[in-house]
Amino acid sequence: MSKIMALDIETGNYSYEIGGWDKTHLFDPVVVATWDGDNAHIFSKQSEVLVPHANVHPLHPRVLGEHLKKHIEGGGIIIGHNIRGFDLPILRDALDMHYAGVLMNKAKEHLIDTSWTLRSSAGQRVGLDDVCKHTLGRGKQIMHSEDAPIAWREGKYAEVMKYCLQDCQLNYDLFEYGRKKGVVKARNTDSGIIEDYEVLWKLEE
């Protein structure tokens, strides 16, 4: 089992529709994906939709919670881009997933938020697409996060599920790159220059 598992979620609504980002209990989580370098799992409100090379499950708080708990109890950690500020609070408050709260309370031991640690180094928020394009040479291809709620409402369930999984895979590869090289690349929005940013994504072997 890989020690690293990336997690990402998609919602069926927008923050402006519910009164702001802090109204985490009013978001509508529709897809959650995880990727550990070998195994893809997708938890979806449309679990009858199949995605090639992925295990698709119903989006149920107990089922997802047990999946994450198994990884943690096996000695793994969970990574995500803004997982502490977005993904886990929504799963805790909107999906009523108790284990999301458990993870947040033990974030130092079990979580690495690539967005938070990169923001600390860069002094600004860095989007996953930007840092992956400049570090890995590839970024998001299916859609962008702002497109997902509309795509879901249009019934493009498979596309949203694939997009969510792709974000996990990008985040996983970015983490592995940063862990080995100690730096990632992103554009400085003030200077417009692509710069190296130190990241301390070390793992205890």
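The radius of gyration is taken over C-alpha atoms, and the globule rule sets it at 2.2 Å times the number of residues to the power 0.38. Apply that rule to this predicted model. With 205 residues, a compact globule would have a radius of gyration near 17 Å. The protein has 16 Å, which agrees with a compact globule. Along its principal axes, the C-alpha trace spans about 45 × 35 × 35 Å.

Next, the building blocks. The protein has nine helices and eight strands. Contacts tell us how the chain comes together. Take the contacts between residues at least 6 apart in sequence: 63% of these join residues at least 24 apart.

Now look at the inside and the outside. Buried residues make up 52% of the 205 residues. A residue counts as buried when its relative accessible area is under 20%. The accessible surface of the protein comes to about 10,100 Å². Carbon and sulfur atoms hold 47% of that surface. The charges can be summed up briefly. There are 24 positive and 30 negative charges, and the mean positions of the two groups are 3 Å apart.

Start the tour with the aromatic rings. A pair of aromatic rings is described by the distance of the centres and the angle of the planes. The whole structure holds six aromatic pairs. One of them joins Phe27 and Phe86. Their ring centres are 5.7 Å apart and their planes meet at 80°, so the pair is edge-to-face. The cut-off for that label is an angle over 60 degrees.

What does this pair tie together? Phe27 lies in the loop between helix H1 (15-18) and strand S2 (29-35), while Phe86 lies in helix H3 (residues 83-93). The pair therefore ties together parts that are 59 residues apart in sequence. Both partners are shielded. Phe27 counts as buried because its relative accessibility is 5%. Phe86 is buried too, with a relative accessible area of 17%. Trp21 joins them: ring pairs link Trp21, Phe27 and Phe86 into a cluster.

Phe27 has other company. Leaving aside its neighbours within four places in sequence, Phe27 is in contact with ten residues' worth of surroundings that include Thr11, Tyr14, Ile18, Ile90 and Ala94. Lys162 gives a contrast in position. The C-alpha atoms of Phe27 and Lys162 are 135 residues apart along the chain and 20 Å apart in space.

Move on to strand S3 (residues 40-44), the place of Phe43. Is Phe43 buried or exposed? Phe43 counts as buried, because its relative accessibility is 1%. Beyond neighbours within four places in sequence, Phe43 is in contact with several residues, including Val30, Val31, Val32, Leu59, Val63 and His67. Met161 is 118 residues from Phe43 in sequence, yet their C-alpha atoms are 8.6 Å apart.

Ser44 also lies in strand S3. Ser44 is buried, with a relative accessible area of 1%. Not counting residues up to four places away in sequence, Ser44 touches seven-residue company such as Val30, Val31, Trp152 and Met161.

Follow the chain past S3 and the picture changes. His53 lies in the loop between S3 and strand S4 (55-58). At 82% relative accessibility, His53 counts as exposed. The cut-off for exposed is over 50%. His53 also has a phi near 65°, a positive value in a residue other than glycine.

Another residue with positive phi is Asn82. Its phi is near 70°, and Asn82 is not glycine either. Asn82 sits in the loop between S5 and H3.

Asn82 leads to Ser115. Not counting residues up to four places away in sequence, Ser115 touches Gly80, His81 and Asn82. Ser115 has its place in helix H6 (residues 114-122). With 2% relative accessibility, Ser115 counts as buried. Leu88 is 27 residues from Ser115 along the chain, and their C-alpha atoms are separated by 14 Å.

Finish at helix H4 (residues 98-105). Which residues of H4 are buried? They are Tyr99, Ala100, Gly101 and Leu103. What covers them? The cover includes helix H2 (61-73), strand S5 (77-80), H3, helix H5 (107-110) and strand S6 (111-113).

Conventions. Residues numbered from 1 in each chain as written. Predicted model: local features only at pLDDT ≥ 70, side-chain atom pairs only at ≥ 80, totals over all residues. Heavy atoms only, no water. Helix = DSSP H or I, 4+ residues; strand = E, 2+ residues; numbered from the N terminus. Buried < 20%, exposed > 50% of the residue type's maximum accessible area, 1.4 Å probe, protein only. Contact = heavy atoms within 4.5 Å. Areas by Shrake-Rupley, 256 points an atom, 1.4 Å probe, with all protein chains shown as cover. Lys, Arg positive; Asp, Glu negative; His and termini not counted. Charge placed at Lys NZ, Arg CZ, Asp CG, Glu CD. Phe/Tyr/Trp six-rings, centres within 6.5 Å; stacked < 30°, edge-to-face > 60°.
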